[in-house]
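The following paragraphs lead through a protein model, from the fold of one chain to its interface and then to points of unusual backbone geometry. The sequence and the structure are shown first.

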Number of protein chains: 2
Amino acid sequence: MNILIQNGTIITMQNGRVIRQGAIAVEDKTIIEVGKTHELKRKYGRGYEKIDAKGKVVIPGLINTHQHAAMSLLRGYADDLPLQEWLEKWIWPIEKHTTPHDIYVGALLTAVESIMSGTTTVNTMYHYTPEENEAKAFADACLRGVIGHVCFSWRKKEDRKALQDLAKKWHNKADGLIRVSVDPHAPYTVDPEYMKELREIGKELARKHGSEKAPIIWHTHVAETSDEPRKIQKAFNIQLKNGIMEYLDSLGVLDRHVIAVHCVALTNKDIEIMKHRKVKVSHNPISNLKLASGVSPVPKMLKKGITVSLGTDSPCSNNTADMFEVIKATALLHKGVNKNPALMPAQRVLEMATIEGAKALSWENEIGSIEVNKKADLAIIDFRKPHLYPMHGEVSHLVYAARGADVETVIINGKIVMENKELTTVNVDKVMKAAEETKNNLLERLTRNIK
Amino acid sequence: MNILIQNGTIITMQNGRVIRQGAIAVEDKTIIEVGKTHELKRKYGRGYEKIDAKGKVVIPGLINTHQHAAMSLLRGYADDLPLQEWLEKWIWPIEKHTTPHDIYVGALLTAVESIMSGTTTVNTMYHYTPEENEAKAFADACLRGVIGHVCFSWRKKEDRKALQDLAKKWHNKADGLIRVSVDPHAPYTVDPEYMKELREIGKELARKHGSEKAPIIWHTHVAETSDEPRKIQKAFNIQLKNGIMEYLDSLGVLDRHVIAVHCVALTNKDIEIMKHRKVKVSHNPISNLKLASGVSPVPKMLKKGITVSLGTDSPCSNNTADMFEVIKATALLHKGVNKNPALMPAQRVLEMATIEGAKALSWENEIGSIEVNKKADLAIIDFRKPHLYPMHGEVSHLVYAARGADVETVIINGKIVMENKELTTVNVDKVMKAAEETKNNLLERLTRNIK
């Protein structure tokens, strides 16, 4: 389909370029021109579906670089608990009863919620099953995603099979919407030999199914809490010297296609190594606060020139998929804890949620900004709301005042997936009903201890 | 008007009572019965406007205990700046050009935004002018409020006059919607003699215009930043010994009708005194982070049994009036900085935004919970949204997943002020247009240096 968005304010996220009375022309999946409305509307007339963005602001779709999408079924199931109790008494016991269908329904609910709040790409880590999975859910909703399979030392055989199947069936599939990743859970649950093996598996899968333009990345939790070195020692009898990144680097697993999630408890040496190896970061401030993990040294990493992107984390530890909340939390938190109100200015934070997110997923050749030849992943935000009046600057409002609910229309891969708040790809009422039923069945299996 | 809300889940905030399939009967301004729908619908038939709350959750309207409502005209005008530069180069210069009409329009915009996000009472501190003012804006929108006039040592004469006029014209007026307060700006801008005088003025106004049931409270900023003792010394050559509360107590100004805003930089002695004097607190986490003031020791105050309520602060330092954001920020922040995920559980935080807010304003006899004989100040929240599915617990969703935009219908003082997201009291489009024009005129006067 061809589309002409016109009369809007375009926040391109390409070198801070903003176009008022702007227009974007889209052909098939791709942005073919960006400019002033009066110029573009002469060129793109008949055959272009027109979207009037008067009083609205167009941004590149937001990029959420850390999710466990299927876990929406557990939203609000367990809050306000100490971490070990939360995991051992609540999350892990119920997850044992999760079926492939649960994973599909949970991921579909997250896909719907993500689109509705202006997110067009989600990087998700969960258990892959060939029957039903997060990849199918995202493809059905037409949400762009990187789908990972999470790997643990205790299930190597299962993981190897899952990774092969995932890469073969889903990498660069669904019109290029879906890519896959190799996801070692964390340095304390994946032994060093298995880490190295997963690195080799990643390389092998990349050779078979990937390309320089569509790489298969690594997606892993690192340094979420300060007791991770202790956990590594306990699990593998390894004593870290200068932090976790040095340890991972000694295994030869760090490079520019690694996205390290959380990065809360880092040493200066860790940051040096990340910079040197071009490791990317997903910062999840809401989850880090809710689980009381601490505050990531984001300003320090940014100063070093490290790519830091933003993620919501799972609906269990946030509890929404709304990236606008994460954007605002990021802008606020680092000012407050560092006692410096000039840190993390609005423009910088919006970059983290868009173009830096694309870089973190090694996908900046196609997404993250509104530029000619990039894929048309766009969110149109209705600014005709009391909380977005009066106007002093669009970027300030996007970061400090806008909410997911202000998103009106979303385009992914050139397709209108939400128009005037109505999804075009899935029936939202049915998804909500399915989520409620699936959750009830899951709780029933837990209570009766049926797998 | 008589109203019967039925088929909803009622979160009463009265001792944690939740009623499923619940109903609320309202006559004139007052809640006359709360119970099960099947019982109430037999009793309240003809003559009662029915509101179907199926799939929805009814809560007491949220209470925002700190605003400068008129400042919405400066939303996004100056962000990400060091505090002194922000105040001296941006905020104070433009405020000099503010007219009474600007104050009215700004407050009206905040009133609209507040109602739309489920807030039914706002405690606001600004410059009172007899011609046009925040009280009139709130009364016009039918928003309950405590309207203060902010007092500074440098304008005592003007303040005295303003306070008299404000109390006479507005205390317990507009059908009991509006109350007034005496607002010393802060301990570093109000000298000790003037503090004492303002205490006497407060008592005198209370005798003339107030009552035990409708007291005239004190509303003041205290201990917003750690350098406040230094500022007090600089301004008045007073050396504090054990903190600001001891100083204020030595002036004889602290009692149960004082609401102290921010309370970030407190000594243990301060907290002792607050407990002893029954001083109330307004906690403004978003503003404290944005202005890099620090983090208030809220868990410590709560442990002492001090009443801690929640506020947004001004649209300049937040930048929205959405109390749902403040609720979530409160639940998250203290877990994170204290490294304890069990702190500030959801139910407790929701109390701070409702019944504790009412106590903080000395208004708990009429508002803050859904109880027979209290005023009908209610927010009905539509839970049929993807981000509020599936259901494990309403209170968790209200705190961690709901947003202001989920509020569908709002009742204040028994009047439906918003129905299915449409305001009944003011024309929202006109208010937005007026805010934009008023802001443009204000910027024009600033540029041309016209008062």
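Two strands are said to pair if DSSP finds at least two bridges between them. In this predicted model, strand β14 (residues 378-382) of chain A meets that requirement with β15(A), the two being joined in the antiparallel sense over 4 bridges. Within this pairing, A:Ile380 stands opposite A:Thr409 of β15(A).

Strand β15(A) also has a partner in β16 (residues 415-419) of chain A; these two run antiparallel and are joined by 3 bridges. Here A:Ile411 has A:Ile416, in β16(A), as its bridge partner. The strands β15(A) and β16(A) form a hairpin with 2 residues between them, and in this hairpin A:Asn413 adopts a positive phi near 55 degrees. The surroundings of β15(A), which covers residues 407-412, can be judged from burial: 6 of its 6 residues are buried, so the strand is largely enclosed by the rest of the structure.

The wider setting of these strands is a chain whose secondary structure comes to 16 helices and 17 strands. Chain A has a radius of gyration of 21 Å, close to the 22 Å that the globule rule gives for 451 residues, and it is therefore as compact as a globular protein of that length. Its C-alpha trace spans about 70 × 50 × 45 Å along the principal axes. Of the 451 residues in chain A, 60% are buried. Among the contacts in chain A between residues at least 6 apart in sequence, 75% join residues at least 24 apart.

Attention may now turn to the interface. How many residues of chain A are in contact with chain B? There are 55, and they are in contact with 55 residues of chain B. On the side of chain A that touches chain B, the elements giving two or more residues are α3 (100-116), α10 (285-290), α12 (323-337), α15 (394-400) and α16 (428-447). The largest share of that side, 6 residues, is provided by α16(A). By class, the side of chain A that touches chain B has 31 nonpolar, 12 polar and 12 charged residues.

The backbone itself remains to be considered. Most residues other than glycine have a negative phi, and most peptide bonds are trans. Against that background, A:Asn318 and A:Asn319 are joined by a cis peptide bond with omega of about 10 degrees. A:Asn319 is placed in the loop between β13 (308-310) and α12 of chain A. In chain B, a cis peptide bond joins B:Tyr389 and B:Pro390, with omega of about -20 degrees. B:Pro390 is found in the loop between β14 (378-382) and α15 (394-400) of chain B.

Positive phi values occur in loops as well. A:Asn373 lies in the loop between α14 (355-360) and β14 of chain A, and its phi is near 80 degrees. In chain B, the loop between β11 (258-262) and α9 (268-277) contains B:Cys263, a residue with a positive phi of about 45 degrees although it is not a glycine. Are these two residues buried or exposed? A residue counts as buried with 20 or more other C-beta atoms within 10 Å, and as exposed with 12 or fewer. A:Asn373 has 9 such neighbours and is therefore exposed, whereas B:Cys263 has 28 and is therefore buried.

How values were computed
Residues are numbered from 1 along each chain as its sequence is written. Chains are lettered from A and ligands numbered from 1 in the order in which they are written. This is a predicted model: local features need pLDDT of at least 70, side-chain atom pairs count only at pLDDT 80 or more; totals for chains, interfaces and linings use all residues. Two residues are in contact if their C-beta atoms, placed from the backbone, lie within 7 Å. Ala, Val, Leu, Ile, Met, Phe, Trp, Tyr, Cys and Pro count as nonpolar, Asp, Glu, Lys and Arg as charged, and the others, Gly among them, as polar. The radius of gyration is taken over C-alpha atoms; the globule rule is 2.2 Å times the number of residues to the power 0.38.
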